Amino acid sequence: MKENNHTPFLQSSTDKDVAETCLLTLYCRAIESQSDEPILTDQKAVEIARALTPELATAESKLLRKLASGRLDRRLVVFMSLRARRFDRYTTDFLARHPAGTVVNLGCGMDSRFLRVDNGQMQFFDIDLPEVIAFKRKFFEESARYYLVGCSVLEPGWMEQVLEQGTQPTLFLAEGLFMYLEPEQVKSLVLALRARFPGSELVCEVFNKAWLRPPLKNIASGKMQRRCKMGKGAEFKSGLADSREMEVWGPEITFLDDWSYFDEETPKMRYLRWFRNVNLFRYLQWTVHYRLG
């Protein structure tokens, strides 16, 4: 893909295939926002997608050209939109209890959650790799309560920036992040959050580790590459056996609740709602809510 004013970060990223996924979720939200009776409305995603489409239409990447075409798998659009809405709800529930709290969006990509949930009091941090944040700055502006931090989530520097703003109750969001990290990296990050932010909450999407071993891994990876046109570098590396697994990683990590796409009653799920009673599918990729410390 030729470098241009919008998307050179995809060329320079240390993992281009993973970096491209932030545009996949962006386009899913944009497409759903313009559908009948949308699951969520994200006008910022619509605005950015319209700006990027002419460039992506001539990209070398199959995924980026597919995004520009607007012809994404409808099930994927629904799943990504349901996930975004659920993370929004976790955030608004937290802010109802802690209006002046701090929300930290780990591996934020091109998410516009701050605009969707801002209550006028909270502090909000978007954390991602420097090249991703540099790209994001073309479309988003920082404010007195909204911070864009270019830093790997595995480096401790961003934690210091959050702590500099005070010790308000803190919610950490990891949407579509942990599965791309190595298992030891996920565990180390969670334990660091517990140590540095005692009493905080974590909402994280996780993958079932049973699907990380052949032959299930081959099925999952093949589906991502065929249906979503993702590159081979966008491979899941870590997962959990069940929602309570993190509780054994260290003291005072408490499971609060979990959520699966199949829990939703929206008619747009259609026949997929039937899988809610089949744990192999209900807990293939799901979201877990913890208290840390």
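Here is a friendly chat between a colleague and a modeller about a predicted model.

Colleague: Let's begin with the cysteines. How many disulfides does a search of the whole structure find?

Modeller: A disulfide is a covalent bond between the sulfur atoms of two cysteines. To count here, the two sulfur atoms must be within 2.5 Å. Take C22: the nearest cysteine sulfur belongs to C108 and is 8.5 Å away, so C22 misses that cut-off. For the whole structure, the number of disulfides found is zero.

Colleague: Is C28 buried or exposed?

Modeller: Buried means a relative accessible area under 20%. C22, with 10%, is a buried residue. For C28 the relative accessible area is 0%, so C28 is buried.

Colleague: Now the nonpolar interior. Which element gives the most residues to the largest nonpolar core?

Modeller: The largest nonpolar core holds 51 residues, and L23, L52, L67 and M110 have the most contacts inside it. Elements giving two or more residues to this core include helix 2 (16–33), helix 3 (43–56), strand 3 (146–150) and strand 4 (170–174). With ten residues, the element that gives the most is helix 5.

Colleague: How many residues are in the second, separate core?

Modeller: You can find this core by looking for I127, Y147, F197 and V206, which are among its members. It is separate from the core of 51 residues. The second core's residue count is 33.

Colleague: Where does D73 sit, and which residue's backbone nitrogen lies 2.8 Å from a polar atom of its side chain?

Modeller: Look in the loop between helix 4 (62–69) and helix 5 (74–97), where D73 has its place. D73 has 16% relative accessibility, so it counts as buried. A polar atom of the D73 side chain lies 2.8 Å from a backbone nitrogen, and that nitrogen belongs to R75.

Colleague: On to charged residues. Which residue meets R83 in a salt bridge?

Modeller: Side chains of opposite charge can pair when their charged atoms come close. R83 is in helix 5, and its partner is 92 residues apart from it, in the loop between strand 4 and helix 9 (183–196). R83 is buried at 6% relative accessibility, and its partner is buried at 14%. The N to O distance is 3.1 Å, and the partner is E175.

Colleague: What is the N to O distance in the salt bridge between R113 and D111?

Modeller: R113 has a relative accessible area of 0%, so it is buried. D111 is buried as well, with a value of 6%. Their side chains meet in a salt bridge with an N to O distance of 2.9 Å.

Colleague: R282 forms a salt bridge with D263; which of the two is partly exposed?

Modeller: The closest N and O atoms of this pair are 2.8 Å apart. R282 lies in helix 11 (residues 279–282), while D263 lies in the loop between strand 6 (253–259) and helix 11, 19 residues apart. R282 has 12% relative accessibility, so it counts as buried. The other residue has a relative accessible area of 27%, so the partly exposed one is D263.

Colleague: Last one: how many salt bridges does a search of the whole structure find?

Modeller: Some of the residues are linked in a network of salt bridges, among them R29, D42, D88, R116 and E205. R83 and E175 also belong to this network, as do R113 and D111. Over the whole structure, the number of salt bridges found is 22.

How values were computed:
Residues are numbered from 1 along each chain as its sequence is written. This is a predicted model: local features need pLDDT of at least 70, side-chain atom pairs count only at pLDDT 80 or more; totals for chains, interfaces and linings use all residues. Side-chain values use heavy atoms; hydrogens and water are left out. Buried means under 20% relative accessible area, exposed over 50%, partly exposed in between (1.4 Å probe, protein chains only). Helices (H or I, at least four residues) and strands (E, at least two) are DSSP runs, numbered from the N terminus. A polar contact is a pair of N or O atoms within 3.5 Å; within protein, one must be able to donate a hydrogen and the other to accept it, and residues adjacent in sequence count only if both atoms are side-chain atoms. A nonpolar core is a set of buried Ala, Val, Leu, Ile, Met, Phe, Trp, Tyr and Cys residues joined through side-chain atoms within 4.5 Å. A salt bridge is a side-chain nitrogen of Lys or Arg within 4 Å of a carboxyl oxygen of Asp or Glu.
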